[in-house]
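Here are my notes on the model you sent round. Please read them with the structure open.

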Amino acid sequence: MEIIGAEGELVDVLVPVRFTLGRQSSLAPEGGLGDDGDQEEEKVLEEVDEIDPTFQLMYLANEGDLEGITELLDSGVNINFQDIDGRTALHIAACQGVADVVELLISRGADIDPTDRWGSTPLADAIHYKNHNVIKLLEKSGAKPLMAPMHVLTAREIPEYEIDCNELDFSESVVITKGTFRIASWRGIQVAVKELQEDFMADEEKVNAFRDELALLQRIRHPNVVQFLGAVTQSSPMMIVTEYLPKGDLRAFLKRRGALKPETAVKFALDIARGMSYLHEHKTEAIIHCDLEPSNILRDDTGHLKVADFGISKILNVAKTVREDKPVTCRDNSCRYVAPEVFRNEEYDTKVDVFSFAIILQEMIEGQPPFSTKEEDEAATAYAAKERPPFKAPHKLYSHGLRELIEECWSEVPANRPTFKQIIEKLNAILKHFDHKRRWTTKRLKCFHLEAMWKKDHSHSDGSSRSTSSTFR
């Protein structure tokens with residue numbers, strides 16, 4: 001535009017304009033880009049050849065034109081030019097998800113963390129629009145994430161469980177369980193750390209799930225449930241820190257050991273049932289695990305089991321039911337252990353965990369996963385069709401009502417499945433039978449041993465000995 005200068009002459013003045021093609025800033029307010037809503041100053045980019053070279057750069061970044069961008073940069077155009085909103089070509093390319101343009105701009109010296117007028121960076125924009133390839137490129141180049149979505153404004157608001165991320169040492173970190181957790185060192189002890197990945201930060205559903213899991217873990221204290229130690233919520237990436245159990249999970253143990261002795265299986269089942277009973281009987285709201293399967297059950301130093309990983313758990317008032325917002329997929333859960341009512345996207349309650357428990361208990365005795373010859377989705381379909389994994393182990397391994405308990409727990413009708421409190425009572429009764437049998441067998445072996453020793457000590461010179469079996473029997 002032209003204005004009248006000090007000497008009365010007309011002077012050309014460059015009016016700041018904004019780039020508006022394509023996706024906009026992830027932090028821009030709804031309802032327009034300008035604070036005053038005035039759109040008259042926005043430049044309409046209709047003819048590329050007629051616009052200012054700096055805006056041409058942003059336009060070509062929007063279009064993914066590598067050759068045109070290279071030509072402009074070679075001509076001396078400022079790669080870090082910012083429009084009236086503080087947006088750069090790297091912001092635009094990150095929004096659009098054009099990874100090759102992002103790579104080119106970075107290689108030519110683009111600032112990696114410029115902020116627009118709302119405080120958004122190219123990485124924040126890429127996260128918001130879920131452009132995963134761009135996220136990886138920016139992170140590899142040193143881009144810094146924005147503050148965590150659970151950040152509070154005052155020190156008084158910081159949760160009591162907050163852990164300073166600088167206290168966590170990942171120098172010797174290894175991935176454990178299903179890849180969800182990894183080992184770290186914290187205040188001289190080993191801990192398990194679950195991270196909320198950077199590309200999840202803009203996913204409100206995942207952030208809310210993380211928040212819900214934190215709220216749940218704070219309320220849980222039981223010997224058969226993994227202990228929550230704290231969390232990182234005031235910096236990114238956010239993390240949940242729990243006790244580390246070096247003996248690994250039940251899945252790895254079963255893969256290594258195969259079928260367990262019935263007595264061992266029942267003892268393990270009691271550990272699981274006690275932890276689950278605590279969750280289901282939790283006051284004032286019951287907790288449904290929803291993903292009870294061997295890799296979410298960990299072994300402690302004493303060989304006892306603890307229930308872990310509450311990422312998709314549900315909290316509900318006792319006697320009420322819940323329903324998934326969308327159908328369950330085998331990416332979300334291990335479908336070999338999912339109750340049929342969940343797979344059918346029906347309303348469900350705590351009894352879904354009882355179904356999963358039955359499958360786990362049978363697997364411990366059989367020594368192989370349920371429907372091991374089927375794919376995961378095929379196993380879930382079989383459950384929905386009222387099929388159950390076959391009993392292949394000898395009948396004696398399911399004695400004293402063990403098989404009947406499993407069949408009751410995986411009943412097609414959820415209401416017919418027992419509670420974990422009832423399961424504990426039945427498992428204790430079964431364990432008594434095994435203990436009695438073991439003590440009886442031990443006593444018999446001891447008697448035979450004593451009898452053999454007595455015969456050896458009191459044998460006659462002619463090699464004969466009197467029978468004393470009745471004495472020791």
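**Aromatic pairs and a charged patch**

1. Across the whole structure, a search turns up 8 aromatic pairs. The model is a predicted one. Two of the pairs are taken up below, followed by a surface patch.

2. Phe 357 and Phe 420 have ring centres 5.4 Å apart and planes at 80°. Planes over 60 degrees apart count as edge-to-face, so this pair is edge-to-face. The two residues sit 63 residues apart and link distant parts of the chain: Phe 357 belongs to helix H11 (residues 351–366) and Phe 420 to helix H14 (residues 420–457).

3. Are these two rings buried or exposed? Phe 357 has a relative accessible area of 1% and is buried. Phe 420, at 2%, is buried as well.

4. Phe 371 and Tyr 383 make a tilted aromatic pair, with 5.7 Å from centre to centre and 45° between the planes. Phe 371 is in the loop between H11 and helix H12 (376–384), while Tyr 383 is in helix H12 itself, so the pair ties together parts 12 residues apart in sequence. Both Phe 371 and Tyr 383 are buried.

5. Which residues do ring pairs link into a cluster with Phe 371? The cluster consists of Phe 355, Phe 371 and Tyr 383.

6. On the surface, Lys 247, Arg 256, Arg 257 and Lys 261 form a positive patch. One of these residues, Arg 256, lies in helix H8 (residues 250–257). Its relative accessibility is 56%; the cut-off for exposed is over 50%, so Arg 256 counts as exposed.

Note on methods: Residues are numbered from 1 along each chain as its sequence is written. This is a predicted model: local features need pLDDT of at least 70, side-chain atom pairs count only at pLDDT 80 or more; totals for chains, interfaces and linings use all residues. Side-chain values use heavy atoms; hydrogens and water are left out. Patches are made of residues with over 30% relative accessible area and no salt bridge: like charges are joined within 9 Å, nonpolar side chains (Val, Leu, Ile, Met, Phe, Trp, Tyr) within 5 Å. Accessible areas come from the Shrake-Rupley method with a 1.4 Å probe; for residues, only the protein chains shown count as cover. A salt bridge is a side-chain nitrogen of Lys or Arg within 4 Å of a carboxyl oxygen of Asp or Glu. Lys and Arg count as positive and Asp and Glu as negative; His and the chain ends are not counted. The place of a charge is taken as NZ of Lys, CZ of Arg, CG of Asp or CD of Glu. Helices (H or I, at least four residues) and strands (E, at least two) are DSSP runs, numbered from the N terminus. Buried means under 20% relative accessible area, exposed over 50%, partly exposed in between (1.4 Å probe, protein chains only). Rings of Phe, Tyr and Trp (its six-membered ring) pair if their centres lie within 6.5 Å; planes under 30 degrees apart count as stacked, over 60 as edge-to-face and the rest as tilted.
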